[in-house]
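Reader: Hey, got a minute to go through this one with me? I'd like to talk cysteines and then some helix packing.

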Amino acid sequence: MKNIFIYTAILSGLIFSGCNDSFLDRYPKTSLTEQNAFTSYDNFKTFMWPCYNIFTNNTIGTSVGHRGQESHYLGDVYAGYLENKNVNGFNKYAFQTVGSVASGNGWDFSAFIRRTNLMLSHIDDSTMSPEEKDHWKAVGYFFHSYWYMELIDRFGDVPWVDKLLNENSEELQGKREPRKTVADKVLERLKWAEEHIGDFSAKDGPNTISQDCIRAALSRFALREATWRKYHEMGDYDAYLDECIRISALLMDDYPTLYEGTDGQPAAGYGEMWTTEDLGKVPGIILYKEYAPNINATQLNYYEHTSAHWVEMNQATVDLYLMKNGKPITNGDSEYEGDRDMYSTFRNRDPRLYHTVIPPYKIKEGKGEYPTWSYTGNLADREYIDIMGANTTCSNPGVGMKRLPAQNWSASIVPEIPRLGTGSFISCRSGYYVWKNYDSWENNPALNTADKPIFKIEEVLLNYAEAMWEKGEFDQTVANQTINKLRKRAGVAEMQVDEIDGNFDTERGKYYPKGNTEGVKVDPVLWEIRRERIVELMGEGFGFYDVRRWRMAPWFINKTAKGLWMKKADLPADMKLLNEETGTADPSGTMTEGYVFLFNNPIVEGKGWLDKYYLYQIPTNEILLNPNLAPNNPGWD
């Protein structure tokens with residue numbers, strides 16, 4: 001049978017299209033009633049297909065959507081890792097433009113919660129075997145829990161709805177349950193699902209919810225909840241760390257191999273995770289979003305070839321990437337050449353940077369060695385072309401994954417990077433253009449077919465490493481099992497735990513305990529574990545979850561967003577340099593070189609991260625409908 005993800009979008013519009021009280025009115029009158037809609041295994045499978053849309057629902061930051069800048073990039077934009085290249089695209093949390101909302105905001109109990117509760121309510125009356133009933137109960141628990149993971153992360157205390165409600169249900173006027181209570185119920189359900197889900201892939205099809213998917217969700221949730229409880233001073237987090245370690249170790253045993261890629265660049269397996277047509281053949285992939293020609297469309301790759309793509313990286317995030325020798329750029333042994341030109345900024349850096357941001361180059365336009373371009377004759381201009389591979393065809397479709405020089409969909413080439421500005425294709429203001437989904441081989445601009453990962457072993461390795469540190473058990477053996485596997489694939493020197501002390505990176509980040517506005521430097525080893533997570537998962541939507549659970553949001557978000565170092569004479573007329581003393585664009589206009597100005601320093605403007613942003617606002621209309629939801633989250637009243 002075809003992969004379940006291919007048909008989800010179609011079926012969700014045709015089958016059981018509503019989950020409200022009148023859903024029976026939408027059944028075909030001659031075929032389905034509530035009495036026969038939940039009878040057989042196939043009935044349950046068909047009814048649950050639309051729940052797979054949870055992985056493309058943009059409420060969840062790690063979901064993949066139609067365009068990356070409206071889905072999985074956003075979480076890292078909000079975290080301050082990435083930027084919006086538009087002149088008015090400042091971080092809404094840095095500049096306190098997050099307004100009060102009357103509805104929405106992710107407060108939703110009608111879609112996935114109601115659908116799973118409806119399905120669960122009919123399992124016992126079905127004709128399925130006990131093993132099949134347990135299987136669908138486990139699948140239902142997975143989707144119910146996966147949505148509750150988001151509700152807890154956003155709102156903290158939330159109502160617990162585990163049965164089908166109608167307009168007369170007293171639970172509609174119920175209070176919010178404490179976060180701990182709800183999280184413990186989610187953990188209990190996921191563990192039950194892990195133990196009871198069956199192996200029904202022959203019936204469900206490949207790439208569907210399995211025991212490994214449940215374990216991957218458990219690994220993510222347990223770490224997230226444990227560290228939230230620790231750094232938000234709630235206590236009672238050890239059991240969650242233990243669970244993360246237990247479940248992650250099982251997955252690590254079952255998925256011992258990382259994908260190395262096929263295209264030949266350094267860290268090819270890392271980059272091709274987002275540019276490979278069939279992730280079903282890739283080691284380490286637990287669940288993925290499949291795209292297929294003429295069935296389901298995505299424009300993720302297409303947008304990154306056009307002027308419509310607005311995601312860029314700032315200088316502070318570029319500075320987080322290690323050198324290939326495993327040292328941060330602030331370390332005296334890093335051999336870093338400085339950031340006074342983009343070539344030296346990228347030289348000998350972690351190659352994962354090259355798969356995330358277009359490296360610098362310069363070519364001559366016009367027919368030469370290749371159909372529409374040739375080398376300049378300056379060896380420096382081709383340094384990163386030689387690393388990533390030459391765009392030999394300059395065509396649509398092209399050859400290979402990421403190739404230089406870059407091109408748009410009409411096969412027009414970009415003569416050099418950095419390419420500053422906002423109007424032309426493959427341009428940005430910071431100079432660091434993000435191209436995580438970019439490749440050369442997909443030829444239909446409206447229908448790209450590279451699959452996208454949902455759960456993969458790389459995240460699990462990072463979860464395990466972090467949880468082991470939090471338990472005081474991280475050592476060289478754990479580093480070798482986790483972080484050094486990722487570094488080996490990337491071509492970066494291994495982490496040596498015993499050499500990491502307070503001087504390893506003197507510019508390491510800070511976290512902010514309650515009431516502490518100065519911040520406390522993160523432990524040196526923990527900072528390197530977190531750095532590895534940031535780099536490995538860059539652009540995948542984890543950032544806003546992470547900086548909030550670590551209570552590090554001010555450190556990332558309150559910085560002055562700046563681009564690469566440039567000479568003023570090389571800037572477009574409408575761009576300015578940053579005066580680092582004032583945190584604003586060069587007020588006198590006399591600077592001759594400096595970092596590119598993106599946005600003012602939020603603190604200089606009297607703004608910056610507010611503690612109330614750690615939790616989202618409950619929409620005001622919801623409290624009007626149910627006053628028992630009050631009070632709102634701190635700071636939102």
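Author: Sure, we'll take the cysteines, then two helix pairs. Keep in mind that this is a predicted model.

Reader: Ok, how many disulfides does it have?

Author: The count is 0 disulfides, going by the rule that the two cysteine sulfur atoms must be within 2.5 Å.

Reader: So why no bond for Cys244?

Author: Because the closest cysteine sulfur, in Cys213, is 17 Å from the sulfur of Cys244, too far for a bond.

Reader: And is Cys244 buried or exposed?

Author: Buried, because its relative accessibility is 0%. Cys51 is buried too, with a relative accessible area of 0%.

Reader: Switching to helices. How do H7 and H10 sit?

Author: H7 covers residues 179-196 and H10 covers residues 238-254; their axes come within 13 Å and cross at roughly 25°. Angles under 35 degrees count as roughly parallel, so H7 and H10 are roughly parallel to each other. The crossing of H7 past H10 is left-handed.

Reader: Which residues meet there?

Author: From H7, Ala183, Asp184, Leu187, Lys191 and Glu194; from H10, Tyr240, Glu243, Arg246, Ile247 and Leu250. That contact of H7 with H10 has 5 nonpolar and 5 charged residues, and no polar ones.

Reader: What about H18 and H19, at what angle do they pack?

Author: About 45°, with the axes of H18 (residues 483-490) and H19 (residues 524-536) 11 Å apart. That makes H18 oblique to H19, and their crossing is left-handed.

Reader: Which residues meet in that pair?

Author: Ile483, Leu486, Arg487 and Arg489 in H18 meet Glu528, Ile529, Glu532 and Glu536 in H19. The contact of H18 with H19 splits into 3 nonpolar, no polar and 5 charged residues.

Methods
Residues are numbered from 1 along each chain as its sequence is written. This is a predicted model: local features need pLDDT of at least 70, side-chain atom pairs count only at pLDDT 80 or more; totals for chains, interfaces and linings use all residues. Side-chain values use heavy atoms; hydrogens and water are left out. Buried means under 20% relative accessible area, exposed over 50%, partly exposed in between (1.4 Å probe, protein chains only). Axes are lines fitted to C-alpha atoms, for helices over the stretch in contact, and angles run from 0 to 180 degrees between N-to-C directions. Helices (H or I, at least four residues) and strands (E, at least two) are DSSP runs, numbered from the N terminus. Angles under 35 degrees count as roughly parallel, over 145 as roughly antiparallel, 65 to 115 as roughly perpendicular and the rest as oblique. A crossing is left-handed if the near helix is turned anticlockwise from the far one by less than a right angle, and right-handed if clockwise. Contact means heavy atoms within 4.5 Å. Ala, Val, Leu, Ile, Met, Phe, Trp, Tyr, Cys and Pro count as nonpolar, Asp, Glu, Lys and Arg as charged, and the others, Gly among them, as polar.
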